Amino acid sequence: MTILDGRKTSKDIKDEIKAEVDKMKANGEKVPHLAAVIVGNDGASLTYVGSKVRACERVGFQSTMVRLSSTTSEIELLDKIEELNNNNDIDGFIIQLPLPRQINTQKVLMAVDPNKDVDGFHPTNFGKMALDMSTFIPATPFGILELLERYNVETDGKHTVIIGRSHIVGRPMSILMGRKGFPGNSTVTLTHSHTKNITQITSQADIIISALGIPNFLKAEMVKDDAVIIDVGITRVPDDSEKGYHITGDVDFENVSKKASFITPVPGGVGPMTIAMLLKNTLLAREQHRKLRG
């Protein structure tokens with residue numbers, strides 16, 4: 001069994017990006033600039049955005065955090081997005097989710113310029129991804145592809161079962177794993193909360209990608225020998241520790257890992273890859289803007 005080590009792989013990717021940025025600086029070029037918009041004081045969101053800002057510093061990107069109060073109106077947020085769309089200094093930006101109740105998330109994500117949508121959530125970018133065109137792939141699916149590629153996990157002709165159909169992970173992964181090329185060329189089954197006989201389906205899978213958000217959902221008896229297991233789940237489970245919780249994935253790691261050929265741990269698997277690929281998308285955005293504007 002091989003651990004798909006997201007911490008090590010994300011560090012490698014950040015080192016590669018830093019080398020690119022150092023070259024840009026040496027040539028007197030503008031370095032990539034990532035902005036993050038956060039509305040309100042959600043603790044988990046502040047932690048995520050803080051780690052994104054630190055990652056930017058580490059690779060030499062410029063970063064801007066735009067903090068808005070929880071009482072911000074939809075119109076105020078849309079005005080801020082328009083400002084970021086028109087700011088040529090900013091190459092890419094993200095809107096940290098979830099947004100407060102008074103704001104329509106769909107409307108907000110639609111307002112982001114697709115050329116700056118480094119999260120890959122805009123329908124224009126999602127559509128391009130579905131058509132195998134060059135675009136920003138959502139960061140978590142992009143990170144999964146990168147792990148499969150760097151560990152040379154065979155995907156050609158394999159049966160990939162995806163658990164969960166979210167727009168952020170499940171649905172894009174079902175498209176990406178079925179596309180031509182590597183990683184891809186899989187036969188994909190997309191399962192979700194209405195799927196009957198899920199154990200029957202998962203037990204036939206060569207590759208399982210679980211993005212359900214139910215701790216320890218995938219048990220050893222649901223998995224065949226030598227399956228590849230990608231655990232996207234991150235759930236805070238309360239305990240008696242100092243922190244008051246521990247992070248658990250969708251997979252019963254202790255037992256499933258005994259049968260798997262490759263497996264991602266939680267934490268330290270897919271999670272660190274997400275930020276690394278957001279940086280990679282921002283580097284791609286900078287490159288595109290350089291060609292357009294110099």
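Domain bounds here come from an automatic or database domain assignment. With that in mind, open the model, which is a predicted one, and colour the chain by its two parts, domain 1 (27-113) and domain 2 (139-271). The C-alpha centres of domain 1 and domain 2 lie 29 Å apart.

Next, select residues 4-119, which the UniProt annotation, from an unreviewed entry, labels "domain: Tetrahydrofolate dehydrogenase/cyclohydrolase catalytic". This span is 49% helix and 16% strand, and its end C-alpha atoms are 23 Å apart.

Now show the strands β3, β2 and β4, which in that order form an open sheet of 3 strands with parallel pairing. The edges of the sheet are β3 (62-68) and β4 (92-95), each of which pairs on one side only, and from one strand to the next the twist averages 15°. Strands of a sheet pair through backbone hydrogen bonds, either parallel or antiparallel. To follow one such pairing, select β2 (residues 33-39) together with β3, since these two are joined in the parallel sense over 7 bridges, and look for Leu34, which stands opposite Ser63 in β3. Add helix α2 (residues 43-59), which lies across β2, β3 and β4 and runs at about 160° to β3.

From here, move to the loop between β4 and α4 (105-111), where Pro98 is found. Leu97 and Pro98 are joined by a cis peptide bond, with omega of about 5°. A second stop of this kind is Pro267, in the loop between β11 (262-263) and α10 (270-293); a cis peptide bond joins Val266 to Pro267, and omega there is about -5°. Most residues other than glycine have a negative phi, and most peptide bonds are trans. For a backbone angle that departs from the first of these habits, select Asn152, whose phi is near 55°, a positive value; Asn152 sits in the loop between α6 (139-150) and β5 (159-163).

Then select strand β9 (residues 235-238) and strand β10 (residues 245-248), which pair in the antiparallel sense over 4 bridges. Together β9 and β10 form a hairpin with 6 residues between them, and Gly244 in the turn has a positive phi of about 90°. Thr235 can be picked out opposite Thr248 in β10.

Which ring does the charged end of Arg236 sit over? Showing the side chains reveals the ring of Tyr245, with the charged end of Arg236 placed 4.5 Å from its centre. As for pairs of aromatic rings, a search of the whole structure finds 0 of them.

Technical notes: Residues are numbered from 1 along each chain as its sequence is written. This is a predicted model: local features need pLDDT of at least 70, side-chain atom pairs count only at pLDDT 80 or more; totals for chains, interfaces and linings use all residues. Side-chain values use heavy atoms; hydrogens and water are left out. Rings of Phe, Tyr and Trp (its six-membered ring) pair if their centres lie within 6.5 Å; planes under 30 degrees apart count as stacked, over 60 as edge-to-face and the rest as tilted. A charge sits over a ring if NZ of Lys or CZ of Arg is within 6 Å of the ring centre and within 35 degrees of the ring normal. Two strands pair if DSSP finds at least two bridges between them. UniProt positions are given in the numbering used here, feature names are shortened, and annotations may be inferred rather than shown by experiment. Axes are lines fitted to C-alpha atoms, for helices over the stretch in contact, and angles run from 0 to 180 degrees between N-to-C directions. Contact means heavy atoms within 4.5 Å.
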